[in-house]
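Me: I'm new to this structure and would like a close look at one part of it. Could you pick a single residue by the ligand, start there, and then walk me outward through what surrounds it?

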Amino acid sequence: MAGDTEAFKELNAEQRNKNIILVGMMATGKSTVGAILAEELGYELVDLDHVIIETEGRSIAEIFAEDGEEYFRSVETAVLKRMLESENKLISTGGGAVLAPGNTALMLSKGHVIALTATEEEIIARVSGDQNRPLLAGNAVERVRRIMEDRHNAYLFAHYTVDTTGLTAAEVSQNILMHYRG
Ligand code: S3P
């Protein structure tokens, strides 16, 4: 069982009882890094977008197209709350999960919040050709620029921030593990 690994034992009691929550713009590597960290720490991996898809029985693009962003945000907030009712989870959130009022305070109170960032150029390169992000439909470059502008302060609340530009997911994970283990 991964929870018995040396890495897990190294954590102090306070950290052991907490969730780790990854926030950040789309394409900053939250899902990939989250999977590596969950494995290393023996935490349950929760990808918020995946839980939303399962709960709704349809894709994120379908939810946006059929019921709009506001509805998506309400489901996202409800799922976040439900996931944070218990502990020892590694939760990777969608880029907009920090937007609804109350979500950031909830995250800070229920977990250790880690923000992943990247430069605009890097994000544009990473999302090019991606059909699965409804907010980027149309002119993806323009949309990324606009969203980054709109959200320029949105991830500053995190306990810790890693700039992932030019780093592999393994390198980002190592950085976070070093920080987390103190
Ligand atoms: C969104 C990011 C997406 C997904 C949805 C909205 C956003 O998740 O939740 O398309 O508002 O930034 P990723 O950050 O995993 O791409």
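Reply: Let's start with arginine 73, which sits in helix H5, the stretch covering residues 60–83. Keep in mind that you're looking at a predicted model. Is arginine 73 buried or exposed? With a relative accessible area of 13%, it falls under the 20% cut-off, so arginine 73 counts as buried. Setting aside the neighbours within four places in sequence, arginine 73 is in contact with Gly96, Ala97, Leu99, Leu135 and Arg151.

Now for the ligand. There are 13 residues around the ligand, and Arg73 is one of those that come nearest, along with Lys30, Asp49, Arg133 and Arg151. Arg151 thus turns up twice: as a contact of arginine 73 and as one of the residues nearest the ligand. You can put distances on some of these. From an N or O atom in the side chain of lysine 30 to an oxygen atom of the ligand, it's 2.6 Å. For the side chain of arginine 133, the gap between an N or O atom and a ligand oxygen is 2.7 Å. The side chain of arginine 151 also has an N or O atom 2.7 Å from an oxygen atom of the ligand.

Follow H5 onward and you come to the loop between H5 and S3, where you'll find asparagine 88. Its phi is near 60°, a positive value even though the residue isn't a glycine. Asparagine 88 is partly exposed, with a relative accessible area of 30%. Alanine 27 is another non-glycine with a positive phi, about 65° here. You'll see alanine 27 in the loop between S1 and helix H3 (30–41), and it is buried, at 11% relative accessible area.

Those loops lead us to the sheet. It's an open one, made of five strands in the order S2-S3-S1-S4-S5, with parallel pairing. At the edges are strand S2 (44–47) and strand S5 (160–163), each of which pairs on one side only. On average, neighbouring strands in this sheet are turned by 20° against each other, ignoring direction. To see one pairing up close, look at strand S1 (residues 19–24) and strand S4 (residues 111–117): they run parallel and are joined by six bridges. Isoleucine 20, for example, stands opposite histidine 112 in S4.

Helices pack against this sheet too. Helix H9 (residues 169–180) touches S1, S4 and S5, and its direction makes about 155° with that of S5. Helix H4 (residues 48–56) lies across S2 and strand S3 (89–92), running at about 70° to S2.

One last stop is helix H7 (residues 120–127). Which of its residues are buried? They are Ile123, Ile124 and Val127. Looking down the axis of H7, you'd see these buried residues fall within an arc of 100°, so they line one face of the helix. On the other side of H7, Glu121 and Ala125 are exposed. Part of what covers the buried residues of H7 is helix H8 (140–150). After H7 comes glycine 129, with a positive phi near 85°.

Terms used. Residues are numbered from 1 along each chain as its sequence is written. This is a predicted model: local features need pLDDT of at least 70, side-chain atom pairs count only at pLDDT 80 or more; totals for chains, interfaces and linings use all residues. Side-chain values use heavy atoms; hydrogens and water are left out. Buried means under 20% relative accessible area, exposed over 50%, partly exposed in between (1.4 Å probe, protein chains only). Helices (H or I, at least four residues) and strands (E, at least two) are DSSP runs, numbered from the N terminus. The arc is that of the directions from the helix axis to the C-beta atoms. Contact means heavy atoms within 4.5 Å. Two strands pair if DSSP finds at least two bridges between them. Axes are lines fitted to C-alpha atoms, for helices over the stretch in contact, and angles run from 0 to 180 degrees between N-to-C directions. A residue is near a molecule or strand if one of its heavy atoms lies within 4 Å of it. A polar contact is a pair of N or O atoms within 3.5 Å; within protein, one must be able to donate a hydrogen and the other to accept it, and residues adjacent in sequence count only if both atoms are side-chain atoms.
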